[in-house]
Amino acid sequence: MSQWLPIAEIAAKVQTGGLKATELVEQSLKTITDKAEYQAIIATTESRARERAAEIDARVAKGEKIGRLAGVPFIAKDNFLVFGADTTAASNMLRGFEAPYQSTVINRLEAEGAICVAKANLDAFAHGASTENSDFFTTKNPHDKTRVPGGSSGGSAASVVLDLAPFALGSDTGGSIRQPASFVGCVGFKPTYGTTSRSGVVAMGTSCDVMGPMTRTVEDAALIYDVFAGPDELDGTTIPRDPAGYVENLDSSLKGKKVGIIKEYMAGGLDDSVKQQITASVEKLRSAGAEITEVSLPSLPLALAVYYIVVPAEVSSNLSRYDGQRYGHTYPDAKDLHESYNMSRSTGFGAEAKRRIMIGTYVLSSGYYDAYYKKAQTVRTKIINEFTQVFKNVDFLVGPTAPSVAFKIGATKDPLQMYLADVMTVGASLAGIPAITIPAGEAENMPVGLQLMAPARDDRALLGLAKAAEEQLA
Amino acid sequence: MKMTKFTRDDVLKLARLARIDLNEEEVEKFAGEFSSILDYVEQLQSVQVDGLEPTTQVTGLTNVTRKDEIVDYGYAPHDLLKNVPNVKDDQIQAKRMIG
């Protein structure tokens, strides 16, 4: 039972003075302290949050209109640049880094009155599927402290289920919102690539990075997305938003909706206990009137290999800016520039960051570029074409979000095994299509997520379907 | 493309390109891990992609430009330098490069 009302209701009550922003912030900060053992949070932005809350309450008292998220506290994954605390991306490389500007997503939420209270833990630089790659500490799954919350937005996901705030922000490059949401049992939405500004979010895989809400309900997710979605002149890869918005008159009915269940996701590599739960959930959608058919995307099993060539390549480029000269960690005893570069990077980056940088360097290097990077990007085209083809016959796709429930902390022994946790989420990332996970019961006493997808730019329709599905699965 | 096993030298070469110094333990560990990761992605070699172009971005946008106007974002140079490790007279102090 959440201590928070639905987000729109909180904002409405703050606007009328029925709820005080300052009290909401205190409530959130207290809960964060109470749940400290789960280690979801790296740092709070408490001073600034209290200031902003006081300001909002004062403006309300004067009869001013604040906005659609008036006084609503939230938690941001620590790769979002926010004032009031360091932005570390959970890496030693950015320990002590004070953001000189805020991310556009944060600015848009704040313009509507939302208040960031804390920064959530993640796999360092968003490289991971368990939050175990954080250079600081591992977040515990709220359902079982011996298990991971998933990653890389593990802290954000845990924050929602621990009820630390009404919502959290995550980023998703290959599943980093969806997989942890499914592991902890909350809603996680990865919008269409380009509808969310990447300005002010620590870059990972630029052609896949998308920002998104993590919430208790689809309705809340749609509202948060509606507030921050849309083009930004600071991000040249952004595309227009839906003129009808993402909140009003969503088509939330399952009747007659053509939904394809992805054959390749229901095959080997999916734990039986999860498969059972997904199958049962899909049956509930069918009984509510959805027309479920089996569809095939034969190249989809290649998506993980494509992803682990393309994204490390982009990571190697994006992380080249961390050179110890202008911000971030610097090696204090370097005698010249060369040593400064090498040792700053060597002592600042964790193992996974180094791994991805070097794999990326390899696949982009002379003699290997065509065989690896160019080939992977071409197979990416093949995958995208298969999605386009399948969407000629169905309007949505459904399947599991992750191949298993949350695994034990420390259980994953090698990097490749960890990469396999993303097998169901990377397809939508490479294609840039919207995908959302909603809670779909349990398996082995742990949450299971059901993943729904739609064609690119059909976020509105997807949110409507997800809302209907959420009701059916409740 | 024949798959080669990653040797110590291969890893050191990549580390040099990536400007990262590795210790012996890291070199050995990464050699094993990279061999295994690259074995996995090897499956793409045999995929037929005739007639397809690589996808570098999914939005279809081209030539996104802004007006050639100066915009004041309200940041003083001094504020933007607050994270620089070595600042002198509002300039980034670089390390010796030659000699």
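Visitor: In β8 of chain A, which residue is the bridge partner of A:Lys258?

Guide: The model here is a predicted one, and in it the bridge partner of A:Lys258 is A:Glu291, which belongs to β8(A). That bridge is part of a wider pairing, since β7(A) and strand β8 (residues 291-295) of chain A run in the parallel sense over five bridges. Between these two strands the chain passes through helix α8 (residues 272-287) of chain A, and the β-α-β crossover made in this way is right-handed.

Visitor: With which other strand does β7(A) pair in the parallel sense over three bridges?

Guide: That strand is β9 (residues 396-400) of chain A, where A:Val398 serves as the bridge partner of A:Ile261.

Visitor: How should I read the burial of a strand such as β7(A), and how many of its five residues are buried?

Guide: As a general idea, the side chains of a regular strand alternate between the two faces of the sheet. In strand β7 (residues 258-262) of chain A, four of the five residues are buried, so the strand is largely enclosed by the rest of the structure.

Visitor: Turning to empty space, what volume does the largest pocket have, and which residues lie nearest its centre?

Guide: The general idea is that rolling a probe the size of a water molecule over the atoms shows where empty space is left. The largest pocket has a volume of about 590 Å³, and among the 28 residues that line it, A:Gly185, A:Cys186, A:Arg216, A:Thr217 and A:Pro439 lie nearest its centre. Two or more lining residues come from each of α5 (154-161), α7 (218-228), β10 (435-443), β11 (446-453) and α15 (459-473) of chain A, and β10(A) gives the largest share, four residues. By class, the lining of the largest pocket divides into 15 nonpolar, six polar and seven charged residues.

Visitor: What are the volume and the lining of the second largest pocket?

Guide: The second largest pocket has a volume of about 500 Å³, and of the 22 residues lining it, A:Leu81, A:Phe97, A:Tyr101, A:Arg321 and A:Tyr327 are the closest to its centre. Its lining holds 14 nonpolar, four polar and four charged residues.

Visitor: What elements make up chain B, and is the chain spread out or compact?

Guide: Chain B has three helices and two strands, which follow one another from the N terminus as α-α-α-β-β. Its radius of gyration is 23 Å, well over the 13 Å that the globule rule gives for 99 residues, so chain B is more spread out than a compact globule. Along the principal axes, the C-alpha atoms of chain B fill a box of roughly 55 × 45 × 25 Å, and 26% of the 99 residues of the chain count as buried.

Visitor: How do I read backbone angles, and where is the peptide bond that is cis?

Guide: In general, most residues other than glycine have a negative phi, and most peptide bonds are trans. Here the peptide bond from A:Gly151 to A:Ser152 is cis, with omega near 10 degrees, and A:Ser152 lies in the loop between β3 (115-120) and α5 of chain A.

Visitor: What is the phi of A:Gln39, and what is that of B:Asp90?

Guide: Phi of A:Gln39 is near 55 degrees, a positive value, and this residue sits in the loop between α2 (21-34) and β1 (41-44) of chain A. With 28% relative accessibility, A:Gln39 counts as partly exposed. Phi of B:Asp90 is also positive, near 55 degrees, and B:Asp90 is placed in the loop between β1 (87-88) and β2 (91-92) of chain B. At 41% relative accessibility, B:Asp90 counts as partly exposed.

Notes
Residues numbered from 1 in each chain as written. Chains lettered and ligands numbered in written order. Predicted model: local features only at pLDDT ≥ 70, side-chain atom pairs only at ≥ 80, totals over all residues. Heavy atoms only, no water. Buried < 20%, exposed > 50% of the residue type's maximum accessible area, 1.4 Å probe, protein only. Pairing = 2+ DSSP bridges. Right-handed = clockwise from strand over helix to strand, strands pointing away. 1 Å grid on protein atoms, 1.4 Å probe; cavity = no way out; pocket = protein on both sides within 12 Å on 5 of 7 lines; lining within 4 Å. Points joined across faces, edges and corners; volume = space filled by probe spheres on them. Nonpolar A, V, L, I, M, F, W, Y, C, P; charged D, E, K, R; others polar. Rg over C-alpha atoms; globule rule 2.2 N^0.38 Å.
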